[in-house]
Amino acid sequence: MATDYASAVRTGTMAAARLHLRLDLRRKLEAKGGSVDVFGAILGTDLPLLLRPLDGLLGVYLNQPYPGILVTTERRLSVQRFTAAHELGHYELRHQPSLDGASILRRLAPEAPSATGFQEVEANAFAAEFLLPRWLIAWHCKRHGWTEQTFRRPDVIYQLSLRLGVSYASTCWTLARGNLITEEFARELLQTQPREIKVALLRTYRPSNYRGDVWLLTNSDAGTQIDGSRDDVFVLRLEEHSGSGYVWNLDELNESGFAVVRDERESLDSEGIGDPVLRRVTAASPESHRGRISIDERRPWQPTLSLSTFTADFDLTGPEEEGLSRAERRSLLESEWP
């Protein structure tokens, strides 16, 4: 085990990178996008995992008589994911048993060694690198055209955090650690709360609560994987050639299990008659489900001819519930029904 903070961070980071290679995660994610499937990774390492309501704890790592981990069911999916990655780090680094509370969510300040040395620092560094590797951040930024300059906008950081499957705060501190923004600016970004960003994105639409996230989906999200939770809302912002008679068919959105709660068009600041506009559609799912959004831009009188198509796979069944993880349940079902 490491004997100082800096070496503990290096040890955890290198262990996460090795597991990425072992599970071939980079190739899989760069093919489709989305976030690191930490629960699938745990399944892939044959590490037993159970999800339970935990009194005052986020997670538990045990190593006797056999290794195993517990993760709470009483937190948001992003917290469950980080906790699971932290416990996976304990396993990969062959640590002593650990009862982990909310302190594992601290990202910035160096921690003093505990009775078990720097193993919590190692596990935290593992979790951060495993869920937010620099190559995955770069993949999403390239896809969306996000730059260091756009990182000055809290709404961009929030959207990046959704695609990485981690909290807004975690994303701010990770960008600071990677020298993409300064620590001072990370603190400034954290003055803006995610709820403010959600309210601005939803405009006049008011959900029953703001626990869910709000995804701003554009053409850059076409063909990707969207992993979220059952309360999440989609705001689709797509170019539409309505001046030429082409409109997005929202009936297909309804068939995917979404209710359109707001529909509007915005100018693209062009002066030409018949130029494209932006179609901005807010859609909410009335229930937890997974599937595929596939909508076409076409003329109503030519229903078989599409000008363009937006397709994205989604999973809005989070957070993880009591028992086995969703990844393990699906694996068991697939083995029973070849």
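Here is a short conversation about a pocket and a sheet in this predicted model.

Reader: What makes the largest pocket a pocket and not a cavity?

Author: Good place to start! A cavity is a set of points where the probe fits but cannot get out, whereas a pocket is an open set. The space here, about 1,100 Å³, is classed as a pocket, so its set of points counts as open.

Reader: How do you know which residues line the largest pocket, and which lie nearest its centre?

Author: A lining residue has an atom within 4 Å of a point. By that test the lining holds 46 residues, and Ser-35, Val-36, Asp-37, Arg-81 and Asp-227 lie nearest the centre. Helix α12, residues 326-336, gives the most to this lining, with five residues.

Reader: How do the lining residues divide by type?

Author: There are 18 nonpolar, twelve polar and 16 charged residues in the lining. Asp and Arg count as charged, so Asp-37, Arg-81 and Asp-227 belong to that last group.

Reader: Why are β1 and β4 called edge strands?

Author: Each of them pairs on one side only. The open sheet has four strands in the order β1-β3-β2-β4, with mixed pairing.

Reader: How do you know that β2 and β4 pair?

Author: Pairing needs at least two bridges. Strand β2, residues 59-62, and β4 have three, in the antiparallel sense, so they count as paired. Tyr-61, for instance, stands opposite Ser-98 in β4.

Reader: Which helix lies across β1, β2, β3 and β4?

Author: That is helix α4, residues 77-92, which runs at about 165° to β3.

Notes: Residues are numbered from 1 along each chain as its sequence is written. This is a predicted model: local features need pLDDT of at least 70, side-chain atom pairs count only at pLDDT 80 or more; totals for chains, interfaces and linings use all residues. Side-chain values use heavy atoms; hydrogens and water are left out. On a 1 Å grid over the protein atoms alone, a cavity is a set of points where a 1.4 Å probe fits but cannot get out, and a pocket is an open set with protein on both sides within 12 Å along at least five of seven lines; lining residues have an atom within 4 Å of a point. Grid points are joined across faces, edges and corners, and a volume is the space filled by probe spheres set on the points. Helices (H or I, at least four residues) and strands (E, at least two) are DSSP runs, numbered from the N terminus. Contact means heavy atoms within 4.5 Å. Axes are lines fitted to C-alpha atoms, for helices over the stretch in contact, and angles run from 0 to 180 degrees between N-to-C directions.
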